[in-house]
Amino acid sequence: MKKLTPREIVKELDKYIIGQKEAKRAAAIALRNRWRRQQLQPELRDEVAPKNIIMIGPTGVGKTEIARRLSKLDSSPFLKIEASKFTEVGYVGRDVESIIRDLTELSKNMVLAEKTSEVEDKATKAAEERILDLLLPLPKTHHKKGDIEKEELDDLGKEHYQNTREKFKKYLREGKFDDRFVEIDIQEKMVPVIEVLSGSGLEEMDINIKDMFGSLLPQRKKRRKEKVPEALRIFKQEEAQKLIDMDKVIKEAINRIEQSGIVFLDEIDKIAGREGTHGPDVSREGVQRDLLPIIEGSRVSTKYGMVKTDHILFIAAGAFHVSKPSDLIPEMQGRFPIRVELDSLGKEEFIKILTEPQNALIKQYTALLETEDIKIEFTDEAISEIAGLAALVNDRSENIGARRLHTIMEKLLDEISFDAPDLEMKAIEIDAKYVREKLDKIIKDEDLSRYIL
């Protein structure tokens, strides 16, 4: 874990997210507290629970992005999931334990990718040797000694073969064999197709049945022709698998989840609110009750073993237009001690979003059109006009925050994007007049803007 201070974490988040100081501060403190917990004595370390966060704010203001960037800073296993897709145990639909199963799979893939990059050089060398064996098989000479016939090269033959092999290795790395075909043997696992209806824990049963049959049935090799680059890629994968200890990968993946996993529960407001309901409410209170043990800390069975959820950080988010955090069941409220309200975005924030972040929209569209050799330049007045129009449409219709900028930018550059390959004019300046010409008609017609923007 990187030892970033809360101030440094906020500074990193500022590179991608405009405003929302309170939410960034809360997220930074939560991340730093994980590092602080690791420094404690073992007996106290297990007692310190993560301070889960509820982010309250309309769509498109940066709730998901804060959590996503936070996990990247920490190289933590991160899962974003909508709370509204779950149902109470016993009903058709996904059960909440699948959150931890999905997170375990993500963590395993993350650790596996890291281990693969560590052994990449060794795997590449081994794969190259296998390709060279196919391109340049060892020549055979027959020597009869008594009644036994031996196949071997003399010293001169060995030296000549080795020199030729080195030349071929050089040609292989230079790409001179890229159009050559080679015959390779690929192992195929005979896994039967098994359909299991989704339900309480049945997704896991589906996986385990497939794994069980896959290990029982014999493996067979399939011979096929591939171009050298593709054969090299397949061999690299096979050699990397031989070099990686999967038991260690799984052990590290589970440890990483338990110590630094982050779950982003979106649309938490959709499972809040108890008034006016009749009969069993399978997607609201029931889901909250099922989520509670995982958030409080429990053991969840996955195909890689038991996973403890005591120290996983849960960040919940919702607009809370209809319901409010106090509509959550009391036990759930107690498990989310930090509440942060995110601000709605206006014209000034939109101007910053368009220009300041490392992944700013203006930079993205400029880079995309540069691939067609078109240099596009936005004046300050044009950027101000785009931001003003986005804020206006958000005020007049549904407020979707910064996502409105994507819609407006797409409509604004629609003609240029379509004609880009055929345009003779390679330098285009977008000014406020151009923005008004393209968008004014749609903006003024409120009914039209509801459908197009």
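These questions and answers cover charged pairs and one helix face in a predicted model.

Q: What makes the contact between Glu-65 and Arg-69 a salt bridge?
A: The cut-off is a side-chain nitrogen within 4 Å of a carboxyl oxygen. Glu-65 and Arg-69 meet at 2.8 Å, N to O. Therefore the pair qualifies. Both residues are buried.

Q: Where do Glu-65 and Arg-69 sit relative to each other in helix 4?
A: They are 4 residues apart, so about one helical turn separates them.

Q: Why is Asp-179 with Lys-227 called a salt bridge?
A: Their closest N and O atoms are 3.9 Å apart. The limit is 4 Å, so the pair counts.

Q: What parts of the chain does the Asp-179 and Lys-227 pair tie together?
A: Asp-179 lies in the loop between helix 7 (155-174) and strand 5 (181-189). Lys-227 belongs to strand 6 (residues 219-227). The pair therefore ties together parts that are 48 residues apart in sequence.

Q: Why is Asp-179 called exposed, and Lys-227 partly exposed?
A: Exposed means over 50% relative accessible area, and buried means under 20%. Asp-179 has 63%, so it counts as exposed. Lys-227 has 36%, which falls in between, so Lys-227 is partly exposed.

Q: How do you know that Arg-256 and Glu-252 form a salt bridge?
A: The closest N and O atoms are 2.8 Å apart. That is within 4 Å, so the criterion is met. The two residues are 4 residues apart in helix 10 (residues 246-260), about one helical turn.

Q: What burial class does each of Arg-256 and Glu-252 get?
A: Arg-256 has 14% relative accessibility, under the 20% limit, so it is buried. Glu-252 has 28%, so it is partly exposed. Salt bridges that share partners join Glu-114, Lys-115, Glu-252 and Arg-256 into one network.

Q: Why does Lys-63 have no salt bridge with Asp-266?
A: Asp-266 is the nearest side chain of opposite charge, at 5.6 Å. A salt bridge needs 4 Å or less, so this pair fails. Lys-63 is nevertheless buried. Lys-63 lies in helix 4 (residues 63-74). Its contacts include Met-55, Pro-58, Phe-264 and Leu-342.

Q: How do you know that the buried residues of helix 13 lie on the same side?
A: Those residues are Phe-350, Ile-353 and Leu-354. They cover an arc of only 100° around the axis, which puts them on the same side of helix 13. They pack against helix 14 (361-370), helix 15 (380-396) and helix 16 (403-412).

Q: How many salt bridges does a search of the whole structure find?
A: The search finds 30.

Methods
Residues numbered from 1 in each chain as written. Predicted model: local features only at pLDDT ≥ 70, side-chain atom pairs only at ≥ 80, totals over all residues. Heavy atoms only, no water. Buried < 20%, exposed > 50% of the residue type's maximum accessible area, 1.4 Å probe, protein only. Lys, Arg positive; Asp, Glu negative; His and termini not counted. Contact = heavy atoms within 4.5 Å. Arc of directions from axis to C-beta. Lists of a residue's contacts leave out its neighbours within four places in sequence.
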